[in-house]
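Q: I'd like a close look at the empty space inside this protein and at what surrounds it. Could you walk me through it?

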Amino acid sequence: MGIELLGFQTTIASPVTLKGIGVHSGAEVSITFHPAEADAGIVFQRVLSNGRVSEYKAVSSQVGNTDLCTVLGMSPATSIATIEHVMAAIYALGLDNLTVEVHGAEMPIMDGSSEPFIDAIEQVGVRALAVKRRYIRIVKPVRIESGASWSEFTPYDGMRFEVEIDFDCPLIGRQAWKGDMTPSVFKRELSRARTFGFMRDVERLWAAGFALGSSLENSVVISDDNTVINVEGLRYTDEFVRHKTLDAVGDLSLAGAPFIGCYRSYRGGHKMNANALKALLSDPTAYEVVETATPRQRTRARDMVAVAAPGFAPWSA
């Protein structure tokens, strides 16, 4: 039996603001989530120091650098970095329309997970809109490979993630997470998983101007003797693969519409996620655009029907 899906679009009920530091810049950042009208999508607006606004729709065509995080925009002077944890929360809670006002060059890292963004959204609540939501339903497999790494989309009656990692580190090793994605599953099993890194990489990242805001308050740090430095330890025994899955949820939200299918990856990351999504969206025979055939707020994936939507390409804003 397929999982329940939202039949109509949503936004938040009222604005909410969060403040923190950027994990790479180390600078103070504030973001405000604002409600938006139907079909607006998720839009990021960076308020620059001169008062001008740099705007990006959260879609695949707007993605720039994906080396250490997912960035919207090509120019560091106007781009918005580290959006994946915010987008994972937005996507998992089923939000379609939102304006994210940003004062800073990246999202605040908060505690390194999506939980603070989940809490903020749930604090103000989600509001249903009277416009049907459209989905991208996978109808045939699409796979990409890069060395020993691979990612693929396959047909599935729901929204599923199967993510596997394999690190040359005895603390992590080979871990896998599999599950159908719903708000409750994301909140319970993925939302609290924090970003992680190795102590041996810190000086190299600092020299390159990255991870300047990273600390034990927002990252799981692995020492040279392969132990967790954080006093409180891990939140999940397999927190590493759960965070990689959280990242994948955020990265794939940049399709611009939820997908119905299964996403699988092995030794993936932001770049693999982005490239797999681009491979899917560049093949119109691999998916169809569907929506609910009933007036119900919730429906099943199997009850979705294909719609004639030649102009529906939110990923290419």
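Which element gives the most to the lining of the second largest cavity?

A: Happy to take you through it, bearing in mind that this is a predicted model. The element you want is α6, which gives 4 residues to the lining of the second largest cavity. About 60 Å³ of space lies in that cavity. Around it you will find Ser60, Val63, Thr66, Thr70, Asp251, Leu254, His270, Ala274, Leu277 and Lys278. Sorted by class, this lining has 4 nonpolar, 4 polar and 2 charged residues.

The helix α6 spans 270-281, and a general point helps when reading it. An α-helix has 3.6 residues a turn, so residues three or four places apart point the same way.

Now for the other enclosed space. The structure holds 2 cavities of 30 Å³ or more, and the largest cavity has about 70 Å³ of space. Its lining is made up of Val163, Glu164, Ile165, Lys244, Asp247, Ala248, Ser265, Arg267, Gly268, Gly269, His270 and Asn273. Here α6 appears again, since β12 (159-166), α5 and α6 each supply at least two of the lining residues. His270 is worth finding on your screen: it is among the residues lining the largest cavity, and it is also among those lining the second largest cavity. By class, the largest cavity is lined by 3 nonpolar, 5 polar and 4 charged residues.

From the cavities we can turn to the open space. The largest pocket holds about 1,100 Å³. It is lined by 40 residues, of which Leu68, Thr195, Phe196, Gly197 and Lys244 are the closest to its centre. Lys244 thus belongs to the pocket lining and to the lining of the largest cavity as well. Several elements each bring at least two residues to the pocket: α1 (84-92), β14 (196-198), α4 (202-207), β15 (220-222), α5 (239-252) and α6. The most comes from α4, with 4 residues. In terms of class, the pocket lining has 17 nonpolar, 14 polar and 9 charged residues.

One of those pocket elements, α1, deserves a closer look. In α1, 9 of its 9 residues are buried, including Glu84, His85 and Tyr91. Just after the helix, Gly94 has a positive phi of about 75 degrees. This helix also takes part in the largest nonpolar core, a group of 78 residues in which Ile31, Phe33, Phe44, Phe161, Phe186 and Leu280 have the most contacts. The largest share of that core, 7 residues, is supplied by α1. Ile31 touches this helix through Val86, one of its contacts beyond four places in sequence, which also include Val16, Leu18, Val100, Met107 and Phe117.

A good place to finish is Ser114, in the loop between β7 (98-103) and α2 (115-124). Ser114 counts as buried because its relative accessible area is 0%, where the cut-off is under 20%. Its side chain reaches the backbone oxygen of His85 at 2.8 Å, and His85 is one of the buried residues of α1. Beyond four places in sequence, Ser114 is in contact with His85, Ala88, Ala89, Phe186, Ser191 and Leu246. Phe186, in turn, is among the residues with the most contacts inside the largest nonpolar core.

Note on methods: Residues are numbered from 1 along each chain as its sequence is written. This is a predicted model: local features need pLDDT of at least 70, side-chain atom pairs count only at pLDDT 80 or more; totals for chains, interfaces and linings use all residues. Side-chain values use heavy atoms; hydrogens and water are left out. On a 1 Å grid over the protein atoms alone, a cavity is a set of points where a 1.4 Å probe fits but cannot get out, and a pocket is an open set with protein on both sides within 12 Å along at least five of seven lines; lining residues have an atom within 4 Å of a point. Grid points are joined across faces, edges and corners, and a volume is the space filled by probe spheres set on the points. Ala, Val, Leu, Ile, Met, Phe, Trp, Tyr, Cys and Pro count as nonpolar, Asp, Glu, Lys and Arg as charged, and the others, Gly among them, as polar. A nonpolar core is a set of buried Ala, Val, Leu, Ile, Met, Phe, Trp, Tyr and Cys residues joined through side-chain atoms within 4.5 Å. Buried means under 20% relative accessible area, exposed over 50%, partly exposed in between (1.4 Å probe, protein chains only). Contact means heavy atoms within 4.5 Å. A polar contact is a pair of N or O atoms within 3.5 Å; within protein, one must be able to donate a hydrogen and the other to accept it, and residues adjacent in sequence count only if both atoms are side-chain atoms.
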